Amino acid sequence: MLVAVSGVFAERLVAEGVVDGALIAPLAFVLVLTTVVLHGFTLAPFARRLDLSSGEKPGLLIVGGSQFATGLATALQKAEVEVLITDPNRDHLRSARSAGLPVFYGDILGEAAEHSVEFIAYGGILAASDNDAYNTLVATDLGPEFGRESIWQLARHKEERARHALPSQLGGKAVNGNRTLAEYLELLAEGWIFRTTRLTDEYRLDDWRRARETAIPLAVVSNRQLWFVGSDDDLVDRADVRIVSLLPPEAAEEIARENEAREAAKQQAKAEAEAVKRGEGNGSVTSEE
């Protein structure tokens with residue numbers, strides 16, 4: 001509207017002999033462009049800096065649906081992180097939907113996403129689709145809005161020919177181990193599982209490291225902030241910190257046994273409680289042989 005009106009006035013001013021009147025239209029265009037760019041690139045970071053973006057929980061957009069994305073998002077939810085998995089391929093979102101996770105079907109860079117996705121509710125992005133070029137495009141395009149420090153990307157497949165390789169300066173930050181999506185999916189196929197661990201005053205980072213020597217730490221959640229682990233220096237030794245990691249099959253089996261024992265104990269306690277309510281002795285029950 002401003003550009004159209006300025007164009008009309010520019011013509012009239014020139015007709016009246018005002019030479020500089022012709023400058024009104026281009027100046028109006030520059031003003032509108034500058035306003036849009038500044039608003040688009042600074043609103044979200046400014047809101048996050050003022051703590052107005054995501055309430056009490058950090059948020060993460062995961063670009064690319066897969067079993068890896070589903071497992072990671074489920075683990076992050078246990079760490080009280082708002083997650084959204086996006087993918088332009090509906091089939092890729094099937095496992096996320098089955099797990100009851102929030103999803104967006106469509107191109108995160110498309111116009112529909114601008115109207116349907118509350119970008120300001122998410123503090124970071126993980127580009128983890130099966131398309132390296134798309135991951136790089138997402139990370140590069142949304143970098144100014146989210147900030148480069150808040151965009152991560154899974155490793156790219158190694159190109160056999162240099163002319164097909166994407167520039168290394170484009171894209172997001174690397175995740176621990178610099179693995180590709182295919183490599184993560186292979187780990188899951190071998191029986192690796194996601195695990196969310198909360199540190200306490202009694203259970204510190206060194207305790208976690210001793211208990212999970214073979215774990216692959218992926219993300220840290222602390223003080224309403226989320227970041228992915230690039231190296232061990234990114235791990236924080238503080239109570240209430242949550243570490244999201246991948247555990248190998250042997251650790252997964254140990255956890256399964258612990259869960260089974262815990263469930264058996266719960267059932268035994270329930271049976272004893274019912275016996276006490278019935279007034280049967282001290283509450284002990286006879287186990288079936």
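Me: Is I62 buried or exposed?
Reply: I62 counts as buried, because its relative accessibility is 0%, where buried means under 20% relative accessible area, exposed means over 50% and partly exposed lies in between, with a 1.4 Å probe and protein chains only. Please keep in mind that this is a predicted model, in which local features need pLDDT of at least 70 and side-chain atom pairs count only at pLDDT 80 or more, while totals for chains, interfaces and linings use all residues. Residues are numbered from 1 along each chain as its sequence is written, and side-chain values use heavy atoms, with hydrogens and water left out.

Me: Where does I62 sit, and which residues is it in contact with?
Reply: I62 is in strand β1; helices (H or I, at least four residues) and strands (E, at least two) are DSSP runs numbered from the N terminus. Leaving aside neighbours within four places in sequence, I62 is in contact with A69, L72, A73, L84, I85, T86 and L126, contact being heavy atoms within 4.5 Å. The C-alpha atoms of I62 and W152 are separated by 9.7 Å, and these residues are 90 apart along the chain.

Me: And V63, what does it touch?
Reply: V63 is also placed in strand β1 and is buried, at 1% relative accessibility. Not counting residues up to four places away in sequence, V63 touches T86, I108, I125, L126, A127, A128, S129, Y134, N135 and V138. For one of these, Y134, the C-alpha atom is 9.4 Å from that of V63, with the two positions 71 residues apart along the chain.

Me: What about S66, where is that?
Reply: S66 lies in the loop between β1 (59-63) and α3, and it is buried, with a relative accessible area of 9%. Its side chain reaches the backbone nitrogen of A69 at 3.1 Å, a polar contact in the sense of a pair of N or O atoms within 3.5 Å, where within protein one must be able to donate a hydrogen and the other to accept it, and residues adjacent in sequence count only if both atoms are side-chain atoms. S66 also touches H92, S95, L181 and L185, with residues up to four places away in sequence not counted.

Me: L181 is in α7, right? Which residues of that helix are buried?
Reply: In helix α7 (residues 181-189), the buried residues are L181, Y184 and L187. They are on the same side of α7, because they cover an arc of only 120 degrees around the axis, the arc being that of the directions from the helix axis to the C-beta atoms. These buried residues pack against α3 (67-78), β7 (216-222) and β9 (242-247). Just after α7, G191 takes a positive phi of about 110 degrees.

Me: Which residues other than glycine have a positive phi?
Reply: Two to look at are E80, with a positive phi of about 65 degrees, and D240, whose phi is near 75 degrees. E80 is in the loop between α3 and β2 (82-87) and is partly exposed at 45% relative accessibility. D240 is in the loop between β8 (225-228) and β9 and is partly exposed, with a relative accessible area of 43%.

Me: Switching to aromatics, how many pairs are there?
Reply: The count comes to 4 aromatic pairs, where rings of Phe, Tyr and Trp (its six-membered ring) pair if their centres lie within 6.5 Å, and planes under 30 degrees apart count as stacked, over 60 as edge-to-face and the rest as tilted. The F68 and F194 rings have their centres 5.8 Å apart and their planes at 55 degrees, so this pair is tilted. F68 lies in helix α3 and F194 in strand β6 (residues 193-198), so the pair ties together parts that are 126 residues apart in sequence.

Me: Are those two buried or exposed, and which residues join them in a cluster?
Reply: F68 is buried at 2% relative accessibility, and F194 is buried at 15%. Ring pairs link F68, Y184 and F194 into a cluster.

Me: Last one, how many helices and strands does the protein have, and what share of it is buried?
Reply: The secondary structure comes to 9 helices and 9 strands, and buried residues make up 38% of the 289 residues. Among contacts between residues at least 6 apart in sequence, 60% join residues at least 24 apart.
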